[in-house]
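Reader: I am new to reading protein structures, and I would like to learn how to go from a single residue to the whole arrangement. Could we begin with one residue and work outwards?

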Amino acid sequence: MTLKRFTLNTASKEGLYPITEQVREAVGQSQAHSGLAVVFCPHTTAGITINENADPAVGRDLLKGLGVAFPDQRSFEHLEGNSAAHLKALAVGSEVNVIIENGSLLLGVWQGIYFGEFDGPRSRTFFVKVMKD
Ligand code: ZN
C-alpha cells in the first residue's frame with residue numbers, strides 16, 4: 001500500500017484543477033497491476049470529482065452551475081462567511097475511488113480527475129492511497 005500527499009496552490013477563489021496525472025504518478029510508483037486508487041481531499045471548502053477532460057468549457061460551466069445552485073445567502077449563520085463554498089464541497093464530495101487494471105486507471109475516455117477549489121486561493125492538499133489486490 002502506498003500513500004502519496006500532493007500540494008496544490010490554487011490561483012483564485014474557485015477553480016477545477018486537473019489532477020489525473022498526479023494520480024497516475026502515484027499508481028505508477030506503487031507498481032500496482034490491479035487494485036484501487038483512493039483520491040481524498042482533507043478540506044471542507046474544496047473537493048474531488050471526476051468529469052469531462054476534453055472541453056475546458058465544461059469545467060467553467062460546472063462552476064457557473066454550482067454558483068447558481070449554491071449562492072451566498074443572507075440567512076447563512078456561519079461566521080466565516082463561506083457557507084456557499086461548504087455547500088459546493090458537499091455537492092462535489094471529498095473523494096473518488098478509481099479502479100486500477102493492468103497498471104492503469106480505469107477511467108472513461110472523456111473522464112479526468114479534478115480538484116475543486118471553492119474558497120481560494122489557498123495552499124491545498126490531497127492524498128492518493130493505492131491499494132493493490
Ligand atoms: Zn467555513
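Author: Let us do so, keeping in mind that this is a predicted model. A good start is to list what a residue touches, leaving out those up to four places away in sequence: for Ile100 these contacts are Val27, Ala32, His33, Ser34, Gly35, Leu36, Ala37, Leu105 and Val130. Ile100 itself belongs to strand β5, which covers residues 95-101.

Reader: Is Ile100 buried or exposed?

Author: Here the general idea is a cut-off, since buried means under 20% relative accessible area. Ile100 has a relative accessible area of 0%, and therefore it is buried.

Reader: Which side chains of β5 are buried, and which are not?

Author: In a strand one can ask to which face each side chain points, and along β5 the side chains alternate. Val96, Val98 and Ile100 point to one face and are buried, while Glu95, Asn97, Ile99 and Glu101 point to the other face and are not buried.

Reader: Which strands pair with β5, and in what sense?

Author: Pairing is read from the bridges between two strands. Strand β3 (residues 34-40) pairs with β5 in the antiparallel sense over seven bridges, and within this pairing Leu36 has Ile99 as its bridge partner. β5 also pairs with β6, again in the antiparallel sense, over two bridges, and here Ile100 stands opposite Leu105. The strands β5 and β6 form a hairpin with two residues between them, and Asn102, in the turn, has a positive phi of about 55 degrees.

Reader: What is the order of strands in the five-stranded sheet?

Author: To describe a sheet, one names its strands from one edge to the other, and in this open sheet the order is β1-β8-β3-β5-β6, with antiparallel pairing. β1 (2-9) and β6 (104-105) are the edge strands, each of which pairs on one side only. At the β1 edge, eight bridges join β1 to strand β8 (residues 123-132), and the two run antiparallel; in this pair Leu8 stands opposite Arg124.

Reader: What is the order of strands in the sheet of three?

Author: We read it in the same manner: this open sheet has the order β2-β7-β4, with antiparallel pairing. Its edge strands, each pairing on one side only, are β2 (15-18) and β4 (46-52), and from one strand to the next the twist averages 35 degrees. β4 is joined to strand β7 (residues 111-117) by seven bridges, with Ile48 opposite Phe115. Helix α2 (residues 56-69) lies across β2 and β4, and it runs at about 145 degrees to β2.

Reader: Which residues does Thr49 touch?

Author: Thr49 lies in strand β4, and, residues up to four places away in sequence left aside, its contacts are Val92, Val96, Gly112, Ile113 and Tyr114. One can also compare separation along the chain with separation in space: Thr49 and Val96 are 47 residues apart along the chain, while their C-alpha atoms are separated by 6.3 Å.

Reader: Why do the buried residues of helix α1 line one face?

Author: For a helix, the idea is to look down the axis and see where the buried residues fall. In α1 (residues 20-30) the buried residues are Thr20, Val23, Ala26, Val27 and Ser30. They fall within an arc of 125 degrees when seen down the axis, so they line one face of the helix. Thr20, for instance, is buried with a relative accessible area of 11%, and its contacts beyond four places in sequence are Leu105, Leu107, Gly112 and Ile113.

Reader: Against what do the buried residues of α3 pack?

Author: In α3 (residues 83-92), Ser83, Ala84, Ala85, Lys88, Ala89 and Val92 are buried, and the buried residues of this helix pack against β4 and α2. Just after α3, Gly93 takes a positive phi of about 95 degrees.

Reader: Which residues coordinate the zinc ion?

Author: For a metal site one names the donor atoms, and here they are His78 (NE2), Glu80 (OE), Asn82 (OD1) and His86 (NE2), at 2.0 to 2.2 Å from the zinc ion. Along the chain the donors follow the spacing H-x1-E-x1-N-x3-H. The angles among the four donor atoms are 87 to 152 degrees, and the site is irregular. As for accessibility, Glu80 counts as exposed at 51%, whereas His86 is partly exposed at 25%.

How values were computed
Residues are numbered from 1 along each chain as its sequence is written. This is a predicted model: local features need pLDDT of at least 70, side-chain atom pairs count only at pLDDT 80 or more; totals for chains, interfaces and linings use all residues. Side-chain values use heavy atoms; hydrogens and water are left out. Two strands pair if DSSP finds at least two bridges between them. Helices (H or I, at least four residues) and strands (E, at least two) are DSSP runs, numbered from the N terminus. Donors are N, O and S atoms within 2.8 Å of the metal (3.2 Å for Na, K and Ca); water is not among the atoms, so sites may look incomplete. Four donors count as tetrahedral if all angles lie between 85 and 135 degrees; four count as square planar and six as octahedral if opposite donors are over 155 degrees apart and all others between 65 and 115; anything else is irregular. Buried means under 20% relative accessible area, exposed over 50%, partly exposed in between (1.4 Å probe, protein chains only). The arc is that of the directions from the helix axis to the C-beta atoms. Axes are lines fitted to C-alpha atoms, for helices over the stretch in contact, and angles run from 0 to 180 degrees between N-to-C directions. Contact means heavy atoms within 4.5 Å.
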